[in-house]
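User: I've got this model open and I'd like to know what stands behind the labels people put on it. Can you walk me through the reasoning?

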Amino acid sequence: MSDLAFEDIPISQAAEYPVTESVKIQGTAGCGKSTQAFRRMVECARERDIDVEDVAVISYRVDLIEELLNDLVDEVGLLYPFDLESAGGRTKYFGTAHAVAKRMLGKTDIVTWQDRKGWCNSRDWEYTGDRSLGKLFFSVNDWLVDNQVPAEEATRAPEYSDFESEFGRPIDIEPLLEDWLEYKLENDLYDFSDLLTVAISEELVPDVEILVIDELHDVYPLLNEVITMWIDEVRNQGGTVIVAGDTNQVINSYQGASAEFFEQIDLPEIWLDVSHRVPEQHFVPAKNVLSQSQDAPDVDAKSDDGELHVVRSGSHLPESDDVNNPVDLLDEHREFGEKVMFLARTQSQCEYISKSLRDAGILFGGSSGSTAWTRSDSHERVALYYCLRKLSSIDECDFEVKEWDSHAAFKQSVDISLRSDDLREFIKYVPTEYIVDSKEELRNELKGEDSWKESLLTLWVEPEFWSEFTRGADSLNALNLNQDLEAWVWPALENPDNAEKTLASTDSQLINVRTIHASKGAEADLVILYDGITRRIHNSMFESNEARKNEDRVWFVALTRSREKMVVVQDGFSYTTNYLNNIGKLL
């Protein structure tokens, strides 16, 4: 959040607006609005002499919440390490609005992609692929719920015409929407949006004295109604409300987001007018993009040490082995230890970038729904890499089999600890002949445990397990894997740069691949930004002035993610046209 220690960060306009007063903090990229909101929250808690359990912090940025919680443990002393072990304890009101609503609602089963796919399969609908009939149906469904639009007005949804086109004929979608609702009711399932709908209907409000809401500018109608209800209730009870946002970063207008929601909050406003993160060399072109369709923020950049490079791709992804491919760009522009973010406008572009990194065996993180090395989206891949990397540190001379014992025993000190959830996943791919009893018994035994030592594992596996699965990438041949999994894990295990990486925390990866939308609020030392918009985006800008404004804000966000270096890659994809060329001498 800042280079200063959390407690050393000065609170902006504290004399004019005391920390116990409700305020609205507005500041553009890098101005530290989140940090200011959290600093005010801490001092307000001290002034009010209240515990953390009387505080709610709402943000869609889970990583920011985690960073704040760590600061509250390490620097502020308002929390203890054991408080971070459970999301239902003293920090139950820290998280996304959906997560907090779920905790207030109690035990609920959330709809998974498997549920949606199964429902589509029952209708012989394809679900795989962004433009599949199933995905388009749920895009329409989710847009209607999030925008509080009744089913009879489904044609207003941006994806409706594509859904009808994919269906092959005009269709009455209302019965289908009702069928999906019935399916959820019969199976006692909740979509994420249902959590907010129920919070409204049952008037579920965090029982707190301080409410902090970060990144409030990019909310849609349903979320806005929940947030407004929470703000009004906390204020009516004499509590303190702190909201932070930036109307220049409203980039989800297609989902119903509007700057009006933030502007309508009637609170004293604190304006932050210095960007501490974004260097002048990046801020100038970013503001020029924005000024094409709206007023750019009157903000100064604190740093003028930024670098901005514009390169042209030697060939189009995904067949890019020429100059300026993703791996070459990393080698040329990245210094050791730097945090790197690859950015592109669409998910399909990110998938091609990810494939280039995959083939080079480069580990990378990313947002939910991506192909990154994250347990939430690719647990089987992460588990295979994690376990084989750990096991490869065991040498064959470290263990032996005694004549009187059928199990392997370690001759010298070996200290290998494997995450139980990863080991359970790994065991799925191990042939049964390497397991003493049954794979199912072993996987059940692993439930409820955080980790397993190698000495415990020896009781459950045959001695041959240790000689077969301690050989790194070569061990993949002995596992029951499909080609896709092997294509991911083999290069990663073979890459010598990954020798010390066990993916203990994929969220802390130094390299990330994100869409511009998913990067909002994030930052990196080096940003490699792929210029280019698809024909669909290009056409929408000519159909709607608001779509054009939204697109300018999207690229404003993209150009303000770097702390030091930015590389803009043009002509990287055959199916996109450069966007940043539209402003002449911008770059």
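**Helix contacts and cores**

Analyst: Sure. Bear in mind that this is a predicted model. Let's start with a helix pair: Ile-537, Ser-540, Met-541 and Glu-543 of H20 are in contact with Asn-545, Ala-547, Arg-548 and Glu-551 of H21. Sorted by class, that contact holds three nonpolar, two polar and three charged residues.

User: What makes H20 and H21 oblique to each other?

Analyst: The crossing angle. The axes of H20 (residues 535-543) and H21 come within 5 Å and cross at roughly 130°. Roughly perpendicular covers 65 to 115 degrees, and roughly antiparallel needs over 145. The value for H20 and H21 fits neither, so the pair is oblique.

User: And why is H14 called roughly perpendicular to H15?

Analyst: Here the axes of H14 and H15 (residues 420-427) cross at roughly 90°, coming within 8 Å. The window for roughly perpendicular is 65 to 115 degrees, so H14 and H15 get that label.

User: Which residues make the contact between H14 and H15?

Analyst: On the H14 side they include Ala-383, Leu-384, Cys-387, Leu-388 and Leu-391, and on the H15 side they include Leu-423 and Phe-426. By class, the contact has eight nonpolar residues, one polar and five charged.

User: What does Phe-426 touch?

Analyst: Leaving out residues up to four places away in sequence, Phe-426 touches Ala-383, Leu-384, Cys-387, Leu-388, Leu-391, Phe-465, Phe-469 and Leu-479.

User: Which residues touch the most other members of the largest nonpolar core?

Analyst: Phe-426 is one of them, along with Phe-342, Leu-357, Phe-465 and Leu-479; the core has 59 residues. H14 (residues 375-391) supplies the largest share, seven residues. Domain 3 (287-369 + 510-585) and domain 4 (379-496) each put in at least three. There's also a second, separate core of 35 residues, with Ala-29, Cys-31, Phe-38 and Val-212 among them.

User: How do you know whether His-333 is buried or exposed?

Analyst: Buried means under 20% relative accessible area. His-333 comes out at 11%, so it counts as buried. This residue is in H12 (residues 326-333) and touches His-309, Glu-338, Leu-526, Lys-565 and Val-567, not counting residues up to four places away in sequence.

User: What covers the buried residues of H11?

Analyst: The buried ones in H11 (residues 280-290) are His-282, Phe-283, Pro-285, Ala-286, Val-289 and Leu-290. Their cover includes strands S9 (274-275), S10 (300-301), S11 (307-312) and S21 (562-570), plus helix H21 (545-558).

Technical notes:
Residues numbered from 1 in each chain as written. Predicted model: local features only at pLDDT ≥ 70, side-chain atom pairs only at ≥ 80, totals over all residues. Heavy atoms only, no water. Core = buried A, V, L, I, M, F, W, Y, C linked by side-chain atoms within 4.5 Å. Buried < 20%, exposed > 50% of the residue type's maximum accessible area, 1.4 Å probe, protein only. Helix = DSSP H or I, 4+ residues; strand = E, 2+ residues; numbered from the N terminus. Domains from an automatic or database assignment. Contact = heavy atoms within 4.5 Å. Axes fitted to C-alpha atoms, helices over the stretch in contact; angles between N-to-C directions. Parallel < 35°, antiparallel > 145°, perpendicular 65-115°, else oblique. Nonpolar A, V, L, I, M, F, W, Y, C, P; charged D, E, K, R; others polar.
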